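Visitor: Could you take one part of this model and guide me through it slowly? I would like a close look at the open sheet, and at what is packed around it.

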Amino acid sequence: MSNPGFDALDMGLATLAHYRQTPSGTVRINASQHAIDKVLLPKLAVFKHRYPDIRLELISESRFVDIIAERFDAGVRLGPEVGSGMIAVRISPDMEMAVVGTPEHFRRYGFPQTPADLVAHPCIAYQFGDGSLYAWELNVDGKKITHPPQGQWAFADSYMEAKAARLGLGLAYVPEELITDDLAQGTLIRVLQRYSQRLEGSFLYYPHRNVSPALRAVIDTLRM
């Protein structure tokens, strides 16, 4: 006959062993909406079954955030944007950029043949949290050049840039993976492909300090 006291003790020890072996807790990650949608969610969806005791808070922002001051465990940014003193782990391949517009846009403004022709086109801008605009990075004869987009519209989100382009508000320079269906359907047309730049992929970065088991599970799952 079992002893209720020993049974309770065994159950308590089993529960303690479970929590020692199974990562738990909250992991807060700051990232762009694009990174959350295309990298974090697809890879971290396995946590639903693999790590049910880990809570994931994925916070979308376009501004550069001090992850320590704002109490994030980690952040996600493109390679060159990772702050010094941080440990960085690549979590996505390099990103192909694409200049796109609607057929109606090109009927009105013509097709640009070189990056210099972009000055004759209204261009949709990506605006950082500090108010500065992303200067389009293009490749001419193996050298990187930049084009400051001039136009009526600026957004702090690549998805909104692509949507604005679909509405005919100007040319957009966005990650190719955001407009693959549009190109296939002909709602958007890509131009200047030979000049497009490949940007370094996304990196998960975090402070050089003790890493919790929960964050370690995130790192190991996202790592390429």
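Guide: In this predicted model, the open sheet is built from 5 strands, which follow the order β2-β1-β3-β13-β4 with mixed pairing. As background, the strands of a sheet pair through backbone hydrogen bonds, and such pairing is either parallel or antiparallel. At the edges stand β2 (54-60) and β4 (86-90), and each has a single partner strand, so one side of each is left without a neighbour in the sheet. From one strand to the next, the twist averages 25 degrees.

If you look at the edge strand β4, you will find that 5 bridges join it to β13 (residues 202-207), and that the two run antiparallel; within this pairing, M86 has P207 of β13 as its bridge partner.

Helices also pack on the sheet. One of them, α2, touches β1 (25-31), β2 and β3, and its direction makes about 165 degrees with that of β2. Helix α7 (residues 213-222) packs on the sheet as well, touching β1, β2, β3, β4 and β13, while its direction makes about 160 degrees with that of β13.

From α2 we can move on to the largest pocket, because this helix gives the most to the pocket's lining, with 5 residues. The largest pocket has a volume of about 760 Å³ and is lined by 38 residues, of which S32, H34, L78, M95 and P175 lie nearest its centre. Among the elements that give two or more residues to this lining are α2 (33-44) and the sheet strand β3 (74-78), together with β5 (95-101) and α5 (158-166). The lining draws at least three residues from each of domain 1 (4-93 + 201-222) and domain 2 (95-199), and its residues divide into 16 nonpolar, 9 polar and 13 charged.

Key. Residues are numbered from 1 along each chain as its sequence is written. This is a predicted model: local features need pLDDT of at least 70, side-chain atom pairs count only at pLDDT 80 or more; totals for chains, interfaces and linings use all residues. Side-chain values use heavy atoms; hydrogens and water are left out. On a 1 Å grid over the protein atoms alone, a cavity is a set of points where a 1.4 Å probe fits but cannot get out, and a pocket is an open set with protein on both sides within 12 Å along at least five of seven lines; lining residues have an atom within 4 Å of a point. Grid points are joined across faces, edges and corners, and a volume is the space filled by probe spheres set on the points. Helices (H or I, at least four residues) and strands (E, at least two) are DSSP runs, numbered from the N terminus. Ala, Val, Leu, Ile, Met, Phe, Trp, Tyr, Cys and Pro count as nonpolar, Asp, Glu, Lys and Arg as charged, and the others, Gly among them, as polar. Domain bounds come from an automatic or database domain assignment. Two strands pair if DSSP finds at least two bridges between them. Axes are lines fitted to C-alpha atoms, for helices over the stretch in contact, and angles run from 0 to 180 degrees between N-to-C directions. Contact means heavy atoms within 4.5 Å.
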